[in-house]
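Visitor: I am new to this one. Please show it to me, and then I will ask how its labels are earned.

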Amino acid sequence: MIGKAQVRGIIRLKIGIAISTAFLLFLILGQNPAISSLLGGFIAVIGSVLYAAIAYRVEYAPPAVLLKQHFAAEMCKLVCTLVAFAALFILYRKADWPWTFVGYLATTSAFWFGLLIKFDGKK
């Protein structure tokens, strides 16, 4: 069973990668790509927070219940991500879409790095 500290650690790692990516893009390319990247990164963070809130509501339950929770969490994350991207590109006309997806993909990669790191809740 994955611990709450591990989930929080991965989400913090995602926030750090989103901000770092945006900062690097700001230094290299300027403001608009950095903002687009940051928005893409936060779409990934919001999806992860939503997934964690739904999937880990109950810690111990029969496997069928846990599987349904994870399925529901993944579907909510997918719908939220699609709606967020659609809203971003409709409402923020200056969004630079390649950098938005770079920010999203960089932030999403934090999950794979998080598997290599043990977050135990200690500072």
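Guide: What follows is a short tour of two helices and the aromatic rings between them. This is a predicted model, where local features need pLDDT of at least 70, side-chain atom pairs count only at pLDDT 80 or more, and totals for chains, interfaces and linings use all residues. Residues are numbered from 1 along each chain as its sequence is written, and side-chain values use heavy atoms, with hydrogens and water left out.

Visitor: Why is α3 called roughly antiparallel to α4?

Guide: Helix α3 covers residues 63-91 and helix α4 covers residues 97-108. They pack at an angle of about 150°, with axes 12 Å apart. Roughly antiparallel requires an angle over 145 degrees, so α3 and α4 earn the label.

Visitor: Which residues make the contact?

Guide: Contact means heavy atoms within 4.5 Å. Helix α3 gives Thr81, Phe85, Leu88 and Phe89. Helix α4 gives Trp97, Thr100, Phe101 and Tyr104. Six of these residues are nonpolar, two are polar and none is charged.

Visitor: How do you know whether Thr100 is buried or exposed?

Guide: Check its relative accessible area. Buried means under 20%, exposed over 50%, and partly exposed in between (1.4 Å probe, protein chains only). Thr100 has 0%, so it is buried. Beyond its neighbours within four places in sequence, Thr100 is in contact with Ser36, Ser37, Gly40, Phe85, Leu88, Phe89 and Ala95.

Visitor: What makes Phe85 and Phe89 a stacked pair?

Guide: Rings of Phe, Tyr and Trp (its six-membered ring) pair if their centres lie within 6.5 Å; planes under 30 degrees apart count as stacked, over 60 as edge-to-face and the rest as tilted. By this rule there are six aromatic pairs. In one of them, Phe85 and Phe89 have ring centres 6.2 Å apart and planes at 15°, so the pair is stacked. Phe85 and Phe89 are four residues apart in helix α3, so about one helical turn separates them.

Visitor: Are those two rings buried or partly exposed?

Guide: Phe85 has 10% relative accessibility, so it counts as buried. Phe89 has 27%, so it is partly exposed.

Visitor: Why is the pair of Phe85 and Tyr104 called edge-to-face?

Guide: Their ring centres are 5.2 Å apart and their planes stand at 70°, so the pair is edge-to-face. Phe85 in helix α3 and Tyr104 in helix α4 are 19 residues apart, so this pair links distant parts of the chain. Both residues are buried.

Visitor: Which residues form the aromatic cluster?

Guide: Phe85, Phe89, Trp97, Phe101 and Tyr104 form one cluster.

Note on methods. Axes fitted to C-alpha atoms, helices over the stretch in contact; angles between N-to-C directions. Parallel < 35°, antiparallel > 145°, perpendicular 65-115°, else oblique. Nonpolar A, V, L, I, M, F, W, Y, C, P; charged D, E, K, R; others polar.
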